Amino acid sequence: MSIEADGFIPGEEGDVERTGEGDPSRVVPLLWRRGTITGRSGLTVDDVVGAGASLADDGGLTAVSMRKVADRLGRSTMALYAHVPSRAALVDLMVDAAFAEVAYDEAPGDWRRGVGAVVEANRALLDRHPWLLDVDTSRPPLGPGTIGKYDAELALLAPAGLPDVEIDQALTVLLDLVRSGVRQAATTDAGADGEWWAVAGPLLAEAMEGRDFPFASRVGQAAGQEYGAPSDPDRALRFAVEALVAGIEARVR
């Protein structure tokens, strides 16, 4: 692998990048726009973040480098470093700006409806910015967009009555379910998968005939007939969310 001048290490397609890779003593103030400047050219941090997000929306995170952002803004690469110190910091800023797009109406009284609102808002966010699927935010960007989204989503789940730490865990699991479901749906071609299964399914049944796979035979056949394909990501996500809600209900009882 080669290392570009801006510190980006290209990997295989589909590799996941991480937020929190930059120096927090520089990145956290930047996320909150503390001590930021407007250059003589009028360039701002928001301009750099917007250009980076636009590149990512068009071509994924691998399309984002400081040089390409500078080209899109019509500036030199060095001019960007007066506003954003590194590509790692830029990724944090881009993720935080995307999270700031998530907004909820007044919290519903029923936390179950709140769960549904979280699912729909995050599906829409990932549909708008698919590159977010390639970012591991387990070390989150600690900016106002991220904190505001976290606070709003906790408020939707809190009426369930779980202890504070379990509210956090329930939200973490819920967001992971949505992320997994959207990722699987994005790689699924229902038409092509259906055609493949129409050929492969009978061949598999023939190959397994007389072999002792009782559960795989029974459940697999039922699922294949129901889906007309090897899987149904949307239904799997709905089931997972319903199971999480049922688990929370049982826990608070």
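**Exercise 1. A salt bridge between two helices**

Task: In this predicted model, find which helices hold glutamate 249 and arginine 112, and work out why their salt bridge ties together separate parts of the chain.

Solution:
- Step 1. Begin with the contact itself: the side chains of glutamate 249 and arginine 112 form a salt bridge, with 2.6 Å from N to O. A salt bridge needs such a pair of atoms within 4 Å.
- Step 2. Now place the partners. Glutamate 249 belongs to helix α11, whereas arginine 112 belongs to helix α6, residues 111–128.
- Step 3. The two are 137 residues apart in sequence, so their pairing ties together those parts of the protein.
- Step 4. Check the surroundings. Glutamate 249 has 23% relative accessibility and is partly exposed; arginine 112, at 37%, is partly exposed too.

**Exercise 2. Helix α8 beside helix α11**

Task: Describe how the axes of α8 and α11 are placed, and say which residues meet.

Solution:
- Step 1. Recall what you need to report: two packed helices are described by the angle between their axes and the distance between the axes.
- Step 2. Read off both values. The axes of α8 (residues 164–186) and α11 (residues 233–252) come within 9 Å, crossing at roughly 170°.
- Step 3. Turn the angle into a word. Angles over 145 degrees count as roughly antiparallel, and α8 is therefore roughly antiparallel to α11.
- Step 4. List some of the residues that meet. From α8 they include Val173, Leu174, Leu177 and Val178; from α11 they include Leu237, Val241, Leu244 and Ile248.
- Step 5. Sort the contact by class: 12 residues are nonpolar, 2 are polar and 3 are charged.
- Step 6. Look at one charged pair. Glutamate 166 and arginine 251 form a salt bridge, their closest N and O atoms being 2.7 Å apart. Glutamate 166 sits in α8 and arginine 251 in α11, 85 residues apart along the chain. Arginine 251 counts as exposed, with 57% relative accessibility.
- Step 7. Add one residue from the α8 side. Glutamine 184 lies in helix α8 and is partly exposed at 35% relative accessibility. Its C-alpha atom is 9.8 Å from that of leucine 237, although 53 residues separate the two along the chain.

**Exercise 3. Arginine 33, a residue with two stories**

Task: Where does arginine 33 lie, and what is its phi?

Solution:
- Step 1. Locate the residue: arginine 33 is in the loop between α1 and α2.
- Step 2. Recall the usual pattern: most residues other than glycine have a negative phi.
- Step 3. Compare. Arginine 33 is not a glycine, yet has a positive phi of about 55°.
- Step 4. Find the partner. Arginine 33 forms a salt bridge with aspartate 46, and the closest N and O atoms are 2.6 Å apart.
- Step 5. Interpret the pair. Aspartate 46 is in helix α2 (45–59) and arginine 33 in the loop before that helix, so the bridge ties together parts 13 residues apart in sequence.
- Step 6. Check exposure: arginine 33 is partly exposed at 31%, and aspartate 46 is partly exposed at 48%.
- Step 7. Widen the view. The structure has 13 salt bridges, and Arg18, Glu21, Asp136 and Arg139 are joined in a network of them.

**Exercise 4. The nonpolar core**

Task: How many residues does the largest nonpolar core have, and which helix supplies the largest share?

Solution:
- Step 1. Start from a general idea: in soluble globular proteins, nonpolar side chains tend to be buried together.
- Step 2. Take the size. The largest nonpolar core has 52 residues, and those with the most contacts inside it include Val84, Met94 and Trp131.
- Step 3. Trace the contributors. Among the elements supplying at least two residues each are α2, α5, α6, α8 and α11. The largest share, 8 residues, comes from α5.
- Step 4. Zoom in on methionine 94. Leaving out residues up to four places away in sequence, methionine 94 touches Val49, Gly52, Ala53, Ala56, Leu61, Val64 and Trp131.

**Exercise 5. The whole chain**

Task: How many helices and strands does the protein have, and what percentage of the residues is buried?

Solution:
- Step 1. Count the elements: there are 11 helices and 2 strands.
- Step 2. Put them in order: β-α-α-α-α-α-α-β-α-α-α-α-α along the sequence.
- Step 3. Consider burial: 34% of the 253 residues are buried.
- Step 4. Consider contacts. Of those with a separation of 6 or more, 73% join residues 24 or more positions apart.

Terms used
Residues are numbered from 1 along each chain as its sequence is written. This is a predicted model: local features need pLDDT of at least 70, side-chain atom pairs count only at pLDDT 80 or more; totals for chains, interfaces and linings use all residues. Side-chain values use heavy atoms; hydrogens and water are left out. Axes are lines fitted to C-alpha atoms, for helices over the stretch in contact, and angles run from 0 to 180 degrees between N-to-C directions. Helices (H or I, at least four residues) and strands (E, at least two) are DSSP runs, numbered from the N terminus. Angles under 35 degrees count as roughly parallel, over 145 as roughly antiparallel, 65 to 115 as roughly perpendicular and the rest as oblique. Contact means heavy atoms within 4.5 Å. Ala, Val, Leu, Ile, Met, Phe, Trp, Tyr, Cys and Pro count as nonpolar, Asp, Glu, Lys and Arg as charged, and the others, Gly among them, as polar. Buried means under 20% relative accessible area, exposed over 50%, partly exposed in between (1.4 Å probe, protein chains only). A nonpolar core is a set of buried Ala, Val, Leu, Ile, Met, Phe, Trp, Tyr and Cys residues joined through side-chain atoms within 4.5 Å.
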